[in-house]
Structure formats: structure tokens, C-alpha cells
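Here's a quick look around a protein model, stopping at a few side chains that caught the eye. Have the structure open and follow along.

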Amino acid sequence: MKTIIEPFRIRSVEPIRMTTPTERARLLEEASYNPFLLRSDDVLLDLLTDSGTSAMSAAQWAGIQRGDESYAGSPSFYRFEAAVQEIFGFEQVIPTHQGRAAERILFSTLCGPGDIVPSNTHFDTTRANVEATGARALDLPSPQGLDPAVPHPFKGDMDADRLAEVLEEHAPDRIPLVMLTVTNNTGGGQPVSMANVRRVSELCAQHGVPFYIDACRFAENAYFIKLREEGYAERSIPEIVRELFSLADGCTMSAKKDGLANIGGFLASNDESLARKEKNLLILTEGFPTYGGLAGRDLEAIAVGLREVLEEDYLEYRLASVRYLGERIAAGGVPIMQPPGGHAVYIDAARLLPHVPPLELPGQTVVAELYLEGGIRAVEVGTVMFGTRDSETGEESPAAMELVRLALPRRVYTQSHVDYMVEAILNFHARRESVGGFRIVEQEPVLRHFTARFEPLYELAVSGTSGG
Ligand code: F0G
């Protein structure tokens, strides 16, 4: 069969509240044109993030029921620990309430002022946690990852030649660890090849530097390796995952992504003395080492989710649905980061709206218009999120790319939902020349995209053919 179906049936549903274009125009204005300030029940299709938004399976809900809430030594912890040990091959497993807590514990144990932490591209919380220790977060994306229009099978790779130079100059004294994010979220959800993981691993070993993987979307990355890298077509996903992590000294994980859970994460390694120090920090802010800020039921849901995410029928459907969205809008003329990533499609707003200059925030226009058009919530990944502002003069510099991320929650939307997304995006595309830009009227000094308030620099039309 050529048709790829959702490999599940739906037994419990969440109604979507329909809204009209007129209603959405009012709601968007009330939210100061920032989708983070909308109420989620005013959103028809929520593509803000794939994090913590997965639908859990019947087996996961059964795990929730089985969760043992003992403070210390819960069997739920041991089931969670066994799943992580078996899948990733690390002995020391420290549960945390989400990915960034694992990052904070790892970096505050290993890093200090003057240190440098290289990565293919640090996610924003990873960068912030590195920098909170006084160290510098250094992005070394591969050259093929920087041009949205040019397809390449492994745009998430690290520039290993540059890493070699950085290690030559600063390792091991100033480089406490090297990170590699799979898939590379900030760089378009693009995968990292096994060859690149191996090269980074060898370079780190030569220089005596620990090598960690940010594992959030490890299963999607492993499936891309199976599909695209020579020698892996016949290998199973668990085998590919074991090989990938055998090249690393440890990992941080947000179980809100490929853990198929709504909350949770962990920090893992084979270093017992390091784990002992990390557990001391864990106890300070997260909790006792057999629950680490999670309920026993969450540990159960993650233990089941980590196994389910490795199923090939699931991964085939997952990548097919993201690819379907990307290919359909690209065929309609919408410029996207090519090829579509594992968890999201990234619209290239700079090319979609060439008449809107970067400092007039073309990504914000796309985000506002998609909500007006179809009640779709997306996120700007451009100058609003990554632009910089001189604290003295207030002068703004644009980000390197103006992207809008359409992140698909796992197992939540069906193909007709995706068809609706395509229709709404193409409707907006047809009237793109009539739109203008936005300006920020209120913002915080850090992570401004979450709370900023905006004003349109053009007259918004009440448009939208769909949703009520
Ligand atoms: N690393 C990567 C690559 C991520 O994408 C995220 C979260 C984290 C670490 C932090 O994990 O949220 O559990 O603390 N990404 C979400 C997103 C928020 O929307 O991409 P967390």
C-alpha cells in the first residue's frame, strides 16, 4: 500500500472549539498579536510546539494508573530507569521534571566562567543554562544547514572541522564538554548523521573532552538515519539508537518530545562519581533521586513512551505527516526550510514576504495571519526570538533567518487537520502582497518573544474562509 495511515485508532477525543474570522481578529488584538498570549481554547490547530503536547496511548494511561507515589525507591522509578538503561545504554539515570532541569544540573556541575561549550546549535534553554554558569555557548552548524532553500539529508550535522580547530585551541582546559542536539531543533528540525556523531565522538575522545547528546528527538533522528544514511536501511531503530548513544558519554533528555509524555526528562551517563555530584544538586531543587521532580505516574508514562516511540510504524507515520504538510505548502509556492524536518515545517518568512524588512518582523506577520486565516497557532523563530537589541541605544539587529515553525504534536492531528492547515496557509499565500509588518510596543529584556506586545504596521483584513 502507498497510503500511510495513522497507526492508531482514537478512543478518547478533545473537542476543538470553532471560531469565526471576526472573533479571531478580536482575540488576536486582545492578545497584542502575540500567540503566546492567546488562550489555547481559542486556537483551532495548535502548532506552537511539539513539546508536552503528545497524545498518550492506552498503555501509557495504564501506566499512569499503576504509578507508585512512594517518596523513595518506587517501582515506577525502577521501570523508568530500566527503560532508559536498555534504550540508551547509560547506567546512571537521573530523572528531572523536564529537559532544562537536566541541562542546568549538568552545566552547573561541569562548567564555569571562561569555559566554552560547542554544539551543532544550542536550543535556547540549553544556551541560557550554559551562559548562566559564566561559560560561552558556541554554535558550530554545518554550512549546509544555513541555507533554508538547499536540501541536504543531514542539515543538522555539526561543522566537525571547526570543532577540531576549537578543540585544538582550547581543549581540554576550557572545554568541559561538547553537546550535539538530535535532531537540530533551532536549525529546522534537521537530523544529524551517524557519521557526524562518530566524528564528533572521536574528536572529543582525542582531546579528553566529554561528549553529550541533547536527545529530545532521538527516535526521529534515528529513523532519518535509517532512511537516508548508507548502511542503515536494514538496521532496527533500537539498534541505531544504541549505536548512536554508544558514541557519547551521556545525554540530556526532554521526555516531552520523543518520550511521548506530557512532562519529564532525565540526565544520563556512565560516570558514577559525576552522577553523585549531580544527585546532590537534584535534591536541592528537583527532588530525591528516585523521582527527581516527577510523580511516579509520570515515570511510568515515560517508560512506556520511550519504547513506543521506537516503533517503525509510528515513526513512518510521524515523518510522513510532517513531510506531507511541507511538500503540500511548498508545491503551492510557500518557501520552506528544505527538506521538512522531523517534528516541524519551517516557513521561510523572509522569502515569503520579501517586501517586509526583517526589522518589521515578517515572521510575526505570518504568525498573526495564520491565526486570522484559520485559527492556527505557530511560532516565530526569527528577529522577535533571536534578534538583538543594543541595551544603550535600543538599536535592533535582525536574526540570521526569519522562520516560522509549524510544530506537529505527536499522535494528535489527523490528515484532514493537515489538509486544513495547507488550505489556510495557501489562502494566506494568495494574498501575501497585501500584508505589511509589525512593531514591538512592549518587551522584556530576556526571552522577549514569550510576552512581547505588538502593533501591526498595516490594516489587517478580517479574512479567513474556514473554521466557523
Ligand atoms: N533541547 C531541545 C533541542 C529542545 O527542543 C528543548 C525544548 C529543550 C532542550 C528543553 O526541554 O522544554 O523539556 O525543558 N523545546 C521546546 C520547543 C520547548 O518548543 O521546541 P524542556
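What follows covers some aromatic rings, a buried arginine and a patch on the surface of this predicted model.

Let's start with the aromatics. There are 15 aromatic pairs in the structure. Take Phe80 and Phe266: their rings sit edge-to-face, 6.0 Å centre to centre, with 80° between the planes. Phe80 belongs to helix H3 and Phe266 to strand E8 (residues 265-269), so this pair ties together parts that are 186 residues apart in sequence. Ring pairs also bring these two into a cluster with Phe77, Tyr78, Phe88, Phe90, Phe218 and Phe245.

How do the two rings of that pair compare with Tyr71 in terms of exposure? Here are the values:

| Residue | Relative accessibility | Class |
|---|---|---|
| Phe80 | 0% | buried |
| Phe266 | 0% | buried |
| Tyr71 | 57% | exposed |

Tyr71 is found in the loop that runs between helix H2 (58-66) and helix H3 (75-88). Together with Ile283 and Phe288, Tyr71 makes up a nonpolar patch on the surface, and the three share about 310 Å² of accessible area.

Now for the arginine. Arg405 is part of strand E14 (residues 403-407). What is the nearest side chain of opposite charge to Arg405? That's Asp50, 4.4 Å away. A salt bridge needs the nitrogen and the carboxyl oxygen within 4 Å, and Arg405, though buried, has no salt bridge. Arg405 does have a backbone oxygen to look at: that of Leu48 lies 3.1 Å from a polar atom of the Arg405 side chain.

Notes: Residues are numbered from 1 along each chain as its sequence is written. This is a predicted model: local features need pLDDT of at least 70, side-chain atom pairs count only at pLDDT 80 or more; totals for chains, interfaces and linings use all residues. Side-chain values use heavy atoms; hydrogens and water are left out. Patches are made of residues with over 30% relative accessible area and no salt bridge: like charges are joined within 9 Å, nonpolar side chains (Val, Leu, Ile, Met, Phe, Trp, Tyr) within 5 Å. Accessible areas come from the Shrake-Rupley method with a 1.4 Å probe; for residues, only the protein chains shown count as cover. Helices (H or I, at least four residues) and strands (E, at least two) are DSSP runs, numbered from the N terminus. Buried means under 20% relative accessible area, exposed over 50%, partly exposed in between (1.4 Å probe, protein chains only). Lys and Arg count as positive and Asp and Glu as negative; His and the chain ends are not counted. A polar contact is a pair of N or O atoms within 3.5 Å; within protein, one must be able to donate a hydrogen and the other to accept it, and residues adjacent in sequence count only if both atoms are side-chain atoms. Rings of Phe, Tyr and Trp (its six-membered ring) pair if their centres lie within 6.5 Å; planes under 30 degrees apart count as stacked, over 60 as edge-to-face and the rest as tilted.
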